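Please find below some notes on the model, set out as numbered points. They go from the whole chain to single residues.

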Amino acid sequence: MSNIFPLRRQTYQVAIDQVMVGSDFPIVVQSMTNTDTADILATVAQIKELSDAGSELVRITVNTPEAAAAVGTIRQKLDQQGYSVPLVGDFHFNGDRLLRDYPECAQALAKYRINPGNVGKGVKGDEKFAFMIEQAIKYQKVVRIGVNWGSLDQSLAKKLMDENKIAGFPLSAEDVMKEALIVSALDSAQKAQDLGLSADKIILSCKVSHVQDLITVYRNLANRCQYPLHLGLTEAGMGSKGIVASSAALAVILQEGIGDTIRISLTPEPGSSRTQEVVVAQELLQTMGFRNFVPLVTACPGCGRTTSTVFQELAQDIQTYLRTQMPIWRTQYPGVEKLNVAVMGCVVNGPGESKLADIGISLPGTGEVPVAPVYIDGQRAITLKGDNMAQEFFDLLNDYIMKRFGSGQPVELKTSKNIPIFQVK
C-alpha cells in the first residue's frame, strides 16, 4: 500500500473460517444473495457466482424454518463443488428459534448477523439475544452486531431523547438518533462479551442511508471501540445512484483508516447480475490503492478524434476477458491482479498511457495512419496493422500474462463479438 494512505485503525483480529478480518489484514469484500434460501439449487448457484466474482464472504437470509433447514445442505453442496467461501446467516425477529430448532444451520454458518432492533423488546428481547450469543459461543462462531437506521431500538432512542431534553446543551434530534445507533451497537457488544463471547468474535456495523450521516456515525464509532467495522451504505439505491452514493461515503471513511470489511448494497437493475455489488466493492478498493483484485484497463473516453468504436469494443472485450478469467488465474497466475493494460484511441495520449501500462495499444484515431503501436513494459515492442489488430493484441496480451505470471497451454474461446480470446488450463 502506498504511504499516502493513513494507518488503519487498530482492531481485534477476527477469524471467519479461513477469512481474516481486522486491521492486520486486507479489507474484505462481501455480498449477499437475493434468492429464497429454501431454494437450495438457486442459492448454491448464486453463492458460486458471487464467490467467482471475488466475494470473500456471502450472506444469506435465514428467516423461515425452510430456509434454516436448507443451510446445512447448501454448505455441503458448496464444499463438494470446491467452494469454501464462508456463509453468514442474516437473522431478524426469529433467529433464536431458528438456531435452536436447526442445529445444522447453526453449525454450517461461519457468522451470525444480529440486528438488536429486531431481536425483541424488554426482558424477552434480552433473552432472545442472549440465546443467540450462547449459540455463537457453543459453535465458536463470529457475530456481527448490525444496527440499522430503519430498525433502531425505539425504546433506546426514546430514552436518549428524554435524557437529551434535560441536558444543559441538548443535541438536535438527528444527532441523538446517530448517538442511539452507536450506543445500541456498543451496548450490545458489551452484553455479548458479558455473556462470554470474546471480543475477537465480534464485528460491528451502524448503517444509514445518507452519505454524510454514515461518515459521521462511523467516525464516532471508530473512536469508541476496537471491534472491526463492517462498512456499507444501506438502501444505497439502483444503478449509478447507488454506486456513486456508496463510493462517496465509503471512500471518505476508508481514506481515514476506518473499515475492515465492506459491502455495496445495490438494488439490482432488472435482469442484471447480483455480482455487480462485488465488482463495485473491488473497484472501489482497487482504484483507491488498498487492494488488487483484477487487472486494470486504462481506456480513453473518446472524442471527435475517435469516431471509430474499435477501441471501445476492444477495451470492453479485454476488461470482460480479464475479469472472467480471474477465478482461474487467482491460483495459476499469482500477481496477475496487479497487471495494468491500456487501450487508447488516438495519438494524443495513446503512446504515453501505453508506455505507463504493463502492456498497451495505441489505436489509430480518425484520419491517422492505420497502424497501432504496442508497448510492453514501457518499450515499443511491435506495430500492428490491418484488420486483425484486435486479435493480434489479444494474442500478445495472453502471451505476456503466461510469460510473466506463469506458464500453460492456451485454449481458444470466443467473446460476444467473435474476437478469439484464450483461457489457460
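1. The chain holds 14 helices and 19 strands. This is a predicted model. Its radius of gyration is 25 Å, close to the 22 Å that the globule rule gives for 425 residues, so the chain is as compact as a globular protein of that length. The C-alpha trace spans about 80 × 55 × 40 Å along its principal axes.

2. On burial and contacts: of the 425 residues in the chain, 51% are buried, where buried means under 20% relative accessible area. Among contacts with a separation of 6 or more, 65% are between residues 24 or more positions apart.

3. On the surface and charges: about 19000 Å² of the chain is exposed, and 52% of this area comes from carbon and sulfur atoms. The chain carries 41 positive and 44 negative charges, and the mean positions of the two sets are 1 Å apart.

4. Eight strands form an open sheet with parallel pairing, in the order 8-7-6-5-4-3-11-9. Strand 8 (202-207) and strand 9 stand at the edges with a single partner strand each, so one side of each has no neighbour in the sheet. In general, strands of a sheet pair through backbone hydrogen bonds, either parallel or antiparallel.

5. Within this sheet, strand 4 (residues 57-61) and strand 5 (residues 87-91) run parallel and are joined by four bridges. Thr 61 stands opposite Asp 90 in strand 5.

6. Two residues deserve a look for their backbone angles. Asp 17 is not a glycine, yet its phi is positive, near 55 degrees. Asp 17 sits in the loop between strand 1 (14-16) and strand 2 (19-21). Is Asp 17 exposed or partly exposed? With a relative accessible area of 42%, Asp 17 is partly exposed, since exposed means over 50%.

7. Glu 235 is the other residue: it is not a glycine, and its phi is positive at about 50 degrees. The loop that holds Glu 235 runs between strand 9 (230-231) and strand 10 (237-238). Glu 235 has a relative accessible area of 58% and is therefore exposed. Strand 9, on one side of this loop, is also one of the edge strands of the open sheet.

How values were computed: Residues numbered from 1 in each chain as written. Predicted model: local features only at pLDDT ≥ 70, side-chain atom pairs only at ≥ 80, totals over all residues. Heavy atoms only, no water. Helix = DSSP H or I, 4+ residues; strand = E, 2+ residues; numbered from the N terminus. Rg over C-alpha atoms; globule rule 2.2 N^0.38 Å. Buried < 20%, exposed > 50% of the residue type's maximum accessible area, 1.4 Å probe, protein only. Contact = heavy atoms within 4.5 Å. Areas by Shrake-Rupley, 256 points an atom, 1.4 Å probe, with all protein chains shown as cover. Lys, Arg positive; Asp, Glu negative; His and termini not counted. Charge placed at Lys NZ, Arg CZ, Asp CG, Glu CD. Pairing = 2+ DSSP bridges.
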